[in-house]
Amino acid sequence: MGDEFQTPRVIVGTWQLSEGHHRESKGTEAVLDAWRAMAEAGLTVFDCGDIYTGVEALLGRFLRREHERGSAAASRLRIHTKFVPDRDSLRHLTKRDVETIIDRSLRRLGIERLYLVQLAWWDYAIPKYVETAQWLGELQRAGKIAHIGATNFNVEKLAEILGAGVSLVSHQVQYSLLDHRPERGMTDLCQDHCIQLLCYGTLAGGFLSDRWVDAPEPAANLPNRSLTKYKLIIDEYGGWTAYQALLTMLRPIAQKHGVGIGTVAARYVLERPQVGAVILGARNDRHLEDTMRILRLELDEEDTSTLRRIAAHRAPQGDVYDLERQPEGAHAAIMRYNLNRAAPDNRDSAP
């Protein structure tokens, strides 16, 4: 890869494995074995974050295990992480604080340089995000970071960072058939600056799949944070009836190609302008073959026409992640804003 930023079209997401995300735990060895199967199939880039409790350390254990085993994929493994300072610390954040957290990520992962660090920022009212991005640039020049990206900025704020001379290679955003907010200026901005969109939420936490066709609307108290988050997006999209209509339009396309609805939904996003990759969460390798079908699927003109009709539904409204920032809003209520405090030793270690 050298110094040029490159990514496969599908990235393995790990948010679902963070502590407190899911009510059921998954055995460590089972996770490591699943990751190995993914890497051997060609999925060699894993996305995590410093606030995904326990995950950076678990990925560090995975890297060590694969190198010790002499895995054929070991030399191609890359980790994308995030720098997500606590909301309560934003006003008083210093360069030293940034370096301390970056050093912790390096220690957890057991590597000498982070391949990609993606900056997140909770509160635009504290305009220190530009200075913080510049500090990450200094750490990049010091050799601790190879590439810098961003996540969940709107067009105005991302343009501020770019205008300050910070070089970004990627921007991680939510993008799916249910959520076209990146098309309201973000795609154009990223195209102008050669920034790749890395897209999460492509399958809406699993809601964009065959298992939900004709299913009744679920009650509250969903089993994990992904489903809770994306059920709110369905509500913004127009509610359960509108969402079911979307699935009804997708199903014939999926059946024609002998794939699942999720494969079509992910392929749609991959073919959008400036999209470099989709990030698919995985707690096991049960859906590995379905994931690989995304890369092989070729949508024809009829498929594209149908998907364009679906895309004409423009909800939710607004710019990237602005909805999630609304104080006292339903989306903000499910966020956890202060997970990056100095963790006890047991949180630095893999479970």
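How many bridges join strand 3 to strand 4, and do they run parallel or antiparallel? Four bridges join them, and the two strands run parallel. Strand 3 covers residues 78–83, and strand 4 covers residues 114–119. Before we go on, please remember that this is a predicted model.

Let's stay with strand 4. One bridge pairs lysine 82 with glutamine 118 of strand 4. Between the two strands comes helix 3, residues 95–109. Strand 3, helix 3 and strand 4 together make a β-α-β unit, and that unit is right-handed.

Now look at the burial. Six of the six residues of strand 4 are buried, so the strand is largely enclosed by the rest of the structure.

Next, strand 5. This is residues 145–151. Strand 4 and strand 5 pair in the parallel sense, over five bridges. Leucine 119 has alanine 150 as its bridge partner in strand 5. From strand 4 the chain crosses through helix 4, residues 129–141, to strand 5. That β-α-β crossover is right-handed.

Glutamine 118 turns up again here. Its bridge partner in strand 5 is glycine 149. We met glutamine 118 a moment ago as the partner of lysine 82.

How buried is strand 5? Seven of its seven residues are buried, so strand 5 is largely enclosed by the rest of the structure.

One more step along. Strand 5 pairs with strand 6, residues 170–174, in the parallel sense over three bridges. Alanine 150 stands opposite histidine 171 in strand 6. The path from strand 5 to strand 6 goes through helix 5, residues 155–163, and this β-α-β crossover is right-handed.

A general point on strands. In a regular strand, side chains alternate between the two faces of the sheet.

On to the aromatic rings. How many aromatic pairs does the structure hold? The count is 14. Take tyrosine 124 and tyrosine 129. Their rings are edge-to-face, 6.0 Å centre to centre, with 65° between the planes. Tyrosine 124 has a relative accessible area of 16%, and tyrosine 129 has 1%. The cut-off for buried is under 20%, so both values fall on the buried side.

Here is another pair: phenylalanine 207 and tyrosine 243. This one is edge-to-face as well, at 6.1 Å centre to centre and 85° between the planes. The pair links distant parts of the chain, 36 residues apart. Phenylalanine 207 sits in the loop between strand 7 and helix 7, while tyrosine 243 is in helix 8. Both of these residues are buried.

Back to the two tyrosines. Ring pairs link Tyr124 and Tyr129 with Trp121 and Phe153 into a cluster.

Now for empty space. What does a search of the whole structure find in the way of cavities of 30 Å³ or more? It finds one. About 40 Å³ of space lies in that cavity. The lining is Asn152, Gln174, Asp179, Arg181, Tyr200, Val320 and Tyr321. By class, that lining has three nonpolar, two polar and two charged residues.

Pick out Tyr321 from that lining. What is notable about the phi of tyrosine 321? Its phi is positive, about 65°, although tyrosine 321 is not a glycine. Most residues other than glycine have a negative phi. Tyrosine 321 is in the loop between helix 11 (301–311) and helix 12 (330–333).

The loop between helix 11 and helix 12 also holds glutamate 328. Glutamate 328 has a positive phi too, near 70°. Are these two residues buried or exposed? Tyrosine 321 counts as buried, at 10% relative accessibility. Glutamate 328 is exposed, with a relative accessible area of 81%.

Two last stops. Aspartate 47 lies in strand 2, residues 45–47. It is buried, with a relative accessible area of 2%. Aspartate 47 and glutamate 112 are 65 residues apart in sequence, and their C-alpha atoms are 18 Å apart in space.

Alanine 73 lies in the loop between helix 2 (55–69) and strand 3. Alanine 73 is buried, with a relative accessible area of 2%. Its C-alpha is 9.0 Å from that of alanine 41, and the two residues are 32 apart along the chain.

That brings us back to strand 3, where we began. Thank you.

Note on methods: Residues are numbered from 1 along each chain as its sequence is written. This is a predicted model: local features need pLDDT of at least 70, side-chain atom pairs count only at pLDDT 80 or more; totals for chains, interfaces and linings use all residues. Side-chain values use heavy atoms; hydrogens and water are left out. On a 1 Å grid over the protein atoms alone, a cavity is a set of points where a 1.4 Å probe fits but cannot get out, and a pocket is an open set with protein on both sides within 12 Å along at least five of seven lines; lining residues have an atom within 4 Å of a point. Grid points are joined across faces, edges and corners, and a volume is the space filled by probe spheres set on the points. Ala, Val, Leu, Ile, Met, Phe, Trp, Tyr, Cys and Pro count as nonpolar, Asp, Glu, Lys and Arg as charged, and the others, Gly among them, as polar. Buried means under 20% relative accessible area, exposed over 50%, partly exposed in between (1.4 Å probe, protein chains only). Two strands pair if DSSP finds at least two bridges between them. A crossover is right-handed if, with the strands pointing away from the viewer, the path from the first strand over the helix to the second runs clockwise. Rings of Phe, Tyr and Trp (its six-membered ring) pair if their centres lie within 6.5 Å; planes under 30 degrees apart count as stacked, over 60 as edge-to-face and the rest as tilted.
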